[in-house]
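Reader: I'm new to this, so could we go through a protein together?
Author: Sure, take a look at it here.

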Amino acid sequence: MLLSLVLDDGVTRVFINTEGDRHRISKELANLIDYISTGKVTDDYTRQLDEEVRELRNDTGKGVSYMTYMQTMMEERAMGFDEGTIYGREQTTKDFAIKMLKANKPYDEISEFTALTREQISELAASIHRVH
């Protein structure tokens with residue numbers, strides 16, 4: 001039986017019950033499960049897989065390079081998420097300030113609720129007038 005589980009780290013892990021019922025799976029999958037359990041090569045696919053595994057085990061640089069790449073990708077994804085969150089908050093703040101400007105609220109009140117400076121509020125007010 002195969003079970004996929006996606007965790008919050010962006011990695012998909014597949015758990016394989018190597019002792020499960022094999023009547024509902026293909027011969028190829030059963031061969032793969034045997035290879036995972038025992039390391040025994042039983043067909044062309046597991047032979048190719050075994051060759052790749054042996055090559056990777058003998059070349060630590062490839063494994064380290066791959067892990068470094070994956071770590072970099074995860075860090076860049078997290079940075080992109082953080083940047084998007086910041087942008088979204090800034091945009092929400094500006095949208096709120098614009099609504100307050102349209103409701104003729106005083107700059108001091110807008111600044112109090114949005115933490116925008118008078119200069120930033122003036123720029124938003126000017127942009128509203130340029131659009132209309």
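Author: What follows is a set of questions and answers on this predicted model.

Reader: In what order do the elements run from the N terminus on?
Author: Let's start with the inventory: the protein chain has 5 helices and 2 strands. Now walk along from the N terminus, and the order you get is β-β-α-α-α-α-α.

Reader: How much of the protein chain do buried residues make up?
Author: A residue counts as buried when its relative accessible area is under 20%. Apply that to the 132 residues of the protein chain, and the buried share comes to 14%.

Reader: Which residues are buried in helix 1?
Author: Helix 1 covers residues 27-38. The same cut-off of under 20% applies here. Buried in this helix are A30, N31, L32, I33 and Y35.

Reader: How far apart are the end C-alpha atoms of helix 1?
Author: You can work out what to expect, because each residue counts for 1.5 Å and helix 1 has 12 residues, which should span 16 Å. The model agrees with that, as the end C-alpha atoms are apart by 16 Å.

Reader: Is K99 buried or exposed?
Author: First, find K99 in helix 3. Exposed means over 50% relative accessible area. K99 has 61% relative accessibility, so it counts as exposed.

Reader: Where is N104, and what is its phi?
Author: N104 sits in the loop between helix 3 and helix 4 (107-114). Its relative accessible area is 69%, so N104 is exposed. N104 is not a glycine, yet its phi is positive, at about 60°.

Reader: What about phi of A115?
Author: Look in the loop between helix 4 and helix 5 for A115. With 68% relative accessibility, A115 counts as exposed. A115 is a residue other than glycine with a positive phi, near 65°.

Reader: Which helices each supply at least two residues of the lining of the largest pocket?
Author: The residues that line this pocket are E90, T93, K94, T114, A115, L116, Q120, E123 and L124. Compare those numbers with the helix ranges, 60-102 and 118-131. The helices that each supply at least two are helix 3 and helix 5.

Reader: How does that lining divide into nonpolar, polar and charged residues?
Author: Sort the lining by residue type: Leu and Ala go with the nonpolar ones, Glu and Lys with the charged ones. For the largest pocket, the split is 3 nonpolar, 3 polar and 3 charged.

Reader: And how much space lies in the largest pocket?
Author: Rolling a probe the size of a water molecule over the atoms shows where empty space is left. For the largest pocket, that space is about 170 Å³.

How values were computed: Residues numbered from 1 in each chain as written. Predicted model: local features only at pLDDT ≥ 70, side-chain atom pairs only at ≥ 80, totals over all residues. Heavy atoms only, no water. Helix = DSSP H or I, 4+ residues; strand = E, 2+ residues; numbered from the N terminus. Buried < 20%, exposed > 50% of the residue type's maximum accessible area, 1.4 Å probe, protein only. Expected span 1.5 Å × (residues − 1). 1 Å grid on protein atoms, 1.4 Å probe; cavity = no way out; pocket = protein on both sides within 12 Å on 5 of 7 lines; lining within 4 Å. Points joined across faces, edges and corners; volume = space filled by probe spheres on them.
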